[in-house]
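Reader: Hi! I'm new to looking at protein models, could you walk me through this one?
Author: Happy to, just ask whatever comes to mind.

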Amino acid sequence: MTPAAAPGRFKGRSLIAFWIPGMVLVGIIVLALLVIAIPVLQNLEILAATAADPVVLHAFLVTFVAGFTAVGILALTGTPLAYALSRTDAPWKSVVETLVDIPLVLPHTVAGLMVYLLFMSQGPLGGPLGELGLTFEDAFPGIVAAMVFVSIPYYVNAVREGFGRVPVQLENVARTLGASKGRTFISVTLPLATRHILYGALLAWGRAIGEFAAVIMIAYFPLVISSLIYYRFTTGGIAESQAIAFLLILLCMVLFFVFRVLTRRAGVYDDRG
Amino acid sequence: MIAVEGLGITRGAFNLSAITFAVPAGSYTILMGPSGAGKTLLLETIAGFYPPSGGTVTVGGVDVTLDPPEKRRIGFAYQDYSLFPHLTVEGNVSFGLRMAGVPSRQRGETVQGLLARFNILSLAGRYPGALSGGEKQRVALARALGTRPVVLLLDEPFAALDSDTRSSCIQEVKTLQQETGLTILQVSHARDEAYLLADQVLVMDKGVLLQSGRPSEVFSRPAHRTVASIAGFENVLEGTAEAAGDGTNHLIIGQGTLVADSAPKTGEKYFICIRAGDIALTREKTGKEGAGNWIDGQVVSVIATDLGSRLRVEGAFPLTVDVSRHLAPVPGFRNGDRVVAWIDPRDVHLIPVPALPGGEDR
């Protein structure tokens, strides 16, 4: 006769040995949030004044709109690049992959210098585009250019991973069913990579709005939120910069949470019939 | 029909070399070969997924060698059926019709007809993730037939199914083919599928087409060692023909000799192919089987099978022998038993070794 199972938790399935070291990282993030949040929440007057400050509101607007614009540009250019990388075994593929990763490994100041030299009024891109009326130095397009440059690997790598997970066989079958290469991409590949595209966009947006060094080297003005925090830190002290930082954290957390809730089912297919 | 003429393709280190064959209109052809033979690559090249390095592909009398897949009128189903996971069953079946720009109303009617034909109307709103293997296969076939292809290419469509489902699916596909007169080229590893479905069998290995013909012909008279293995010859031995004293030739295999019904040429090397079920096993020479090949040996392994047992016998040369439970002596054979194997010369099939292309299979 089989003995009855002993009451209590089944041994050997606990993740405690993984949670303990992992929680060190989570703990550091929580502490970092607290050292910003506690002093701000103890002085709500400064928080209210900061939230109503037109300079702060403008900086938020510039930052978020520039971030969305940068993600839009990445979606239009990075998506085809990611697909091409996911579907080629050419020997030069690793060269392109390395180039895509360069903004990831460079110090932000070096990325800023590159963006500045490229897009300044005498730069190889800034010069011709300037003649078309697009100015980058100390202008909104400069902020977007810096944000796009530093976010390229975050978007392209995430989306390439997504395309790589779409079986080529599905595309092949779609072709035999009469779909051209383009229609196959739009009707089959793109929907199946939705989750990774959204994740790549979120990563790229987060990276873009957080950029400081690269942005200020091409466009100190109009102020983005990271520049404003630094400016207030050097001129108004910790309290003023803390309040702006708290607002940024709060907004980002809400945005990220809403994004995750809205996209929870994106790219997940099962029986909903 | 499909006509493939001198088709070649190179993918990495793998080559398909000058493949030539034809699948007559309305017929069913099964393409066989060991893993890595290039069967799927051949199907994919015919479908237009990869550009050939040479040769032509003709579908329904039209040269489609340079056409993209969407222009070839070829239906395709992979082993895993490759249903679009983001579309419902209805969405999958209507995909080809949408791509063809068929108006919504007409599309709906056609899809309903296909769903009814394949008995999957009740699954119309479900996603592929919630379907069984057999259901997936019906959806894949309905989807492929929606665009009215001239030919259908199937890559091991029954391999992932359980035994019962597989049997019913094979019957369904056979009925479908007979009803529609569709030309089908299917990849398979299973001989029973070839016997049940195929008008023609093609066997290939290492990118080369080795043999073609009716299933019964190919499986009874293999012309290549690989074909012999696929045809179910469990014993493929190598030997040399030598003159016997009575004016005939016999075959020298290791320390033993064997007589075959066909007339081997003196000095020639042969692959000697014998089915495990064609060998009779006794404890001692009885003489009742008459003249033939008597090989003394010892049982070294016994494995139970559906019909009895499969024995490995070591003697002058090793033999695999199937013993039916109805014909086995009582008590049955056990490891270490001394036995005598009897082989009818008519059951010994010879394949000349020099006929092997490149000889690398030896």
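Reader: Which residue does A:Arg232 form a salt bridge with?
Author: Its partner is A:Asp53, and the closest N and O atoms are 2.9 Å apart. Keep in mind that this is a predicted model, so every value here is computed from it.

Reader: Where do A:Arg232 and A:Asp53 lie in chain A?
Author: A:Arg232 is in helix H12 (residues 225–235), while A:Asp53 is in the loop between helix H2 (44–52) and helix H3 (54–86), so the salt bridge ties together parts of chain A that are 179 residues apart in sequence.

Reader: Why can side chains like that pair up?
Author: Side chains of opposite charge can pair when their charged atoms come close.

Reader: How many salt bridges are there over all chains?
Author: The count comes to 16 salt bridges over all chains. Between chain B and chain A there is 1 salt bridge. In that one, the side chains of A:Arg175 and B:Glu70 meet at 2.8 Å, N to O.

Reader: Cool, so what about the contact itself, how many residues does each chain put in?
Author: Chain B brings 24 residues and chain A brings 22 residues. The area buried between the two chains is about 2100 Å², and carbon and sulfur atoms give 66% of that area.

Reader: Which three residues supply more than any other three of the area that chain B buries?
Author: Those are B:Glu70, B:His86 and B:Met99, which supply 29% of the area that chain B buries against chain A. You have met B:Glu70 already, in the salt bridge with A:Arg175.

Reader: How many residue pairs are in polar contact between chain B and chain A?
Author: There are 4 such residue pairs, with both residues at pLDDT 80 or more.

Reader: And which part of chain B gives the most to the side that touches chain A?
Author: That is H2 of chain B, with 4 residues. Strand E6 (74–77), helix H2 (89–99) and helix H4 (133–146) of chain B each supply at least two residues there. By class, that side of chain B has 14 nonpolar, 5 polar and 5 charged residues.

Reader: Changing topic: how many cavities of 30 Å³ or more does the structure hold?
Author: It holds 1 cavity of 30 Å³ or more, and about 40 Å³ of space lies in the largest cavity.

Reader: What lines the largest cavity?
Author: Residues from both chains, including A:Val173, A:Leu177, B:Phe76, B:Tyr81 and B:Arg143. Helix H8 (168–176) of chain A, along with E6 and H4 of chain B, each supply at least two residues of the lining. The lining divides into 7 nonpolar, 2 polar and 1 charged residues.

Reader: One last thing, where is the cis peptide bond in chain A?
Author: A cis peptide bond joins A:Phe221 and A:Pro222, with omega about -5 degrees. A:Pro222 lies in the loop between helix H11 (213–218) and H12 of chain A.

Notes
Residues numbered from 1 in each chain as written. Chains lettered and ligands numbered in written order. Predicted model: local features only at pLDDT ≥ 70, side-chain atom pairs only at ≥ 80, totals over all residues. Heavy atoms only, no water. Contact = heavy atoms within 4.5 Å. Buried area = accessible area lost by both parts, 1.4 Å probe. Salt bridge = Lys/Arg side-chain N within 4 Å of Asp/Glu carboxyl O. Polar contact = N/O pair within 3.5 Å; in protein donor to acceptor, adjacent residues only side chain to side chain. Nonpolar A, V, L, I, M, F, W, Y, C, P; charged D, E, K, R; others polar. 1 Å grid on protein atoms, 1.4 Å probe; cavity = no way out; pocket = protein on both sides within 12 Å on 5 of 7 lines; lining within 4 Å. Points joined across faces, edges and corners; volume = space filled by probe spheres on them.
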